[in-house]
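Q: I'd like to learn how to read strands and buried side chains in a model. Can you walk me through it?

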Amino acid sequence: MHISHASWQATARAKVADIHSRIPHEWLLSDTDLEKARKQRTLTGPFIEQYLDDCEKEIIGQDSVRLVEKIKRQEYTAVTVTRAYCKTAAIAQQINKCLHEVMFDFASQIALELDQFMAVNGTVKGPLHGLPISLKDQFHVKGYDTTMGYVGWIGTYEGSKDPAKVHQVNSQVVQELLSLGAVLFCKTGDIGDDAPQQA
């Protein structure tokens with residue numbers, strides 16, 4: 001099937017707009033902030049932290065073992081941790097277009113269910129309870145594209161438009177992570193690989 005130059009560009013633009021639309025309004029950076037970011041050599045650390053509150057900075061500064069322990073001891077909720085990670089990813093996405101998929105709503109729902117599980121059972125769902133995890137965009141998550149950066153894979157299952165598969169499949173690793181209590185919040189590409197960009 002031949003895809004014209006104009007049609008693949010339109011598909012890529014629509015995907016970029018879709019990703020951007022999933023960033024909550026209150027996390028959007030101003031044009032001034034984006035211009036400041038373009039002039040920075042280092043975007044991590046103090047630069048990105050200026051957009052986070054003290055609790056969010058503390059959370060994203062924890063290693064995964066400590067973070068899971070604090071959730072287990074109910075020092076943090078899964079919702080609070082997920083929000084901190086999603087907000088940080090949203091800021092990074094606006095600066096350098098690092099995400100192939102934004103799954104913040106999905107992550108928030110998982111986190112809420114984990115907090116409810118903890119409230120009812122007094123224990124964690126699994127060893128990764130509440131731990132935010134970003135996936136490479138080669139793993140399928142129900143409801144989301146897996147494109148690996150290929151414009152032709154947007155809205156398909158690895159290029160196939162089979163409705164039984166498009167957005168209907170979880171990869172095995174996704175199933176395992178969810179069963180262990182992980183919170184999947186975004187998908188990224190390989191180093192040097194960009195998400196579909198507006199041409």
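A: Sure. Start with pairing: two strands count as paired if DSSP finds at least two bridges between them. Keep in mind that this is a predicted model.

Q: In which sense do β1 and β3 pair, parallel or antiparallel?
A: Strand β1, residues 99-102, and β3 pair in the antiparallel sense, with 3 bridges between them. To find the spot on screen, look at Val102, which stands opposite Cys186 in β3.

Q: And how many bridges link β2 and β3?
A: There are 5 bridges, and here the pairing is parallel; β2 covers residues 132-136. Pick Ile133 and you'll find Leu184 as its bridge partner in β3.

Q: Which helix belongs to the β-α-β unit with β2 and β3?
A: That's α8, residues 172-179, and the unit made by β2, α8 and β3 is right-handed.

Q: Is β3 mostly covered or mostly open?
A: For burial, the cut-off is under 20% relative accessible area. Strand β3 spans residues 183-188, and 5 of its 6 residues are buried, so call the strand mostly covered.

Q: Now a single side chain. Why does Gln93 count as buried?
A: Gln93 has a relative accessibility of 7%, which is why it counts as buried. You'll find Gln93 in helix α6, residues 78-96.

Q: What does Gln93 touch, leaving out residues up to four places away in sequence?
A: Gln93 touches Ile19, Ile23, Cys98 and Leu99. With Leu99 there's a polar detail too: a polar atom of the Gln93 side chain sits 2.7 Å from the backbone nitrogen of Leu99.

How values were computed
Residues are numbered from 1 along each chain as its sequence is written. This is a predicted model: local features need pLDDT of at least 70, side-chain atom pairs count only at pLDDT 80 or more; totals for chains, interfaces and linings use all residues. Side-chain values use heavy atoms; hydrogens and water are left out. Helices (H or I, at least four residues) and strands (E, at least two) are DSSP runs, numbered from the N terminus. Buried means under 20% relative accessible area, exposed over 50%, partly exposed in between (1.4 Å probe, protein chains only). A polar contact is a pair of N or O atoms within 3.5 Å; within protein, one must be able to donate a hydrogen and the other to accept it, and residues adjacent in sequence count only if both atoms are side-chain atoms. Contact means heavy atoms within 4.5 Å. A crossover is right-handed if, with the strands pointing away from the viewer, the path from the first strand over the helix to the second runs clockwise.
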